[in-house]
Amino acid sequence: MTNDPSHIPASVGDKQDERPTWTVEQSGVDAILVVRGHWTIDDGAVLAIPDRALPVAPSGAGRSAPTLHVNVRDLGQWDSSLVSFLWTTKQAAAKSGLNFDTSSLPVEVARLFALLPAAPTEPAPPSSRQPNILAVTGGAALGMVDEIGAVVELGAQTAQGSLRALAGHGGMRFRDLMANIFDAGPSALIIVSVVNFLIGAILAFVGAVQLSKFAADAYVANLVGIACVRELSAVMTAIIMAGRTGGAYAARISTMLGNEEIDALRVFGIPISSYILLPSVLSLMLMMPLLYLYGCVVSMIGGYVVCAGMLPDVTGAGYIHQMLGAVNVQQFEFGFAKSIVFAVLIGLTSCRIGLKAGRSAADVGSAATSAVVTGIVGVIALDAIFAVIADVIGI
């Protein structure tokens, strides 16, 4: 029985005997598999023997199973495709009741062939068990509590490191702190300016369209001032920092983990919380309140630009006077406190996600994505809690 090599492309200059071919020849009760030519993928070698290509051994009491021998005298170059073909031939021989003799194979082929399993692994049967909703929910809840505890512990270690740094015994380097401050502060001014300016302009535009129907154009300044100072400037700045700086922290720490730099620091006894985490968290705590105040000013300017263009009855002095009357110091203090809490949340969660990431290149991207998503969701959830607290204390 012979395979059909007509499907194998032949390049210019190829010889017929160099093309990968195989034949099955009968030799008494046994059979011989003759393999010829260059048996490589580039030459069009097949990876599996067709079904029913081997003769079926006759069955009967007292008869020994015939053997399928392999003849490789005319074998040229070969690669793993030959090993794959021989392995599938062994499985086909077993189904046909033939023994498979590999004693004539080259040493290198025999070594690779010996690494393969005797038979293909059967796929695991699908699980018939239905998931336990209580077990899944409880496991998720316990995992969340465990992560919250890890973040709190990380925050406690960072706080202890900051106290030691103030006493002059910490492991934080001043230049690392300054580099993180520059990345979290001045480098983010452009995007903070653009976002907050547009937020203020959008609020003023929507307010002007609606309030002008009731001849209440002057109260557009109240809307922009209270909304930005109390909520939007702090939240939008925190979301920007979660996407920009939090993701960068997670990617940097996970890259250090993959390069075994974290392991090296631990071997030398250098505390990770003081050397890496403290500059990151402290820089966010210092810069976020300042960026919040800057965002408030820029959003008010955005509202002023829209009011000046849409509301001819509202003067610049009237806009500023109305806004100063609506926004008091308590609103700024509340937003200032929120920005500090947001900074701690973003810094700790991003560093925690980076430290628990894997060591591959794909894990770096996954850590950065998780840090951004966790930071944004955490900021919005904390803002909802702050809204309830503000209502309780009467701010």
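Helix 3 supplies the largest share of the lining of the largest pocket, with five residues. That is a good place to start looking around this predicted model. Below you will find the pocket, a nonpolar patch on the surface, and a helix with a bend.

**The largest pocket**
- The volume of this pocket is about 340 Å³.
- Three helices each give at least two residues to the lining: helix 3 (133-166), helix 10 (329-355) and helix 11 (361-393).
- If you would like to pick out the lining in your viewer, select Met144, Glu147, Ile148, Val151, Val152, Leu345, Thr349, Arg352, Ile353, Lys356, Ser370 and Thr374.
- Sorted by class, six of the lining residues are nonpolar, three are polar and three are charged.
- The charged residues of the lining are Glu147, Arg352 and Lys356, while Thr349, Ser370 and Thr374 are the polar ones.

**The nonpolar surface patch**
- Ile190, Val194, Leu198, Ile202, Phe205, Val206, Val209 and Met310 together make a nonpolar patch of about 720 Å² on the surface.
- Helix 5 (residues 189-211) contributes the largest share of this patch, seven residues.
- Ile202, one of the patch residues, lies in helix 5.
- Met310 also belongs to the patch.

**The bend in helix 6**
- Helix 6 runs over residues 220-258 and bends by about 60 degrees, with the bend at Cys228.
- After helix 6 comes Glu260, which has a positive phi, near 65 degrees.

Technical notes
Residues numbered from 1 in each chain as written. Predicted model: local features only at pLDDT ≥ 70, side-chain atom pairs only at ≥ 80, totals over all residues. Heavy atoms only, no water. 1 Å grid on protein atoms, 1.4 Å probe; cavity = no way out; pocket = protein on both sides within 12 Å on 5 of 7 lines; lining within 4 Å. Points joined across faces, edges and corners; volume = space filled by probe spheres on them. Helix = DSSP H or I, 4+ residues; strand = E, 2+ residues; numbered from the N terminus. Patch = residues over 30% accessible without salt bridge, like charges linked within 9 Å, V, L, I, M, F, W, Y side chains within 5 Å. Areas by Shrake-Rupley, 256 points an atom, 1.4 Å probe, with all protein chains shown as cover. Salt bridge = Lys/Arg side-chain N within 4 Å of Asp/Glu carboxyl O. Bend = angle between axes of the 7 residues up to and from the residue.
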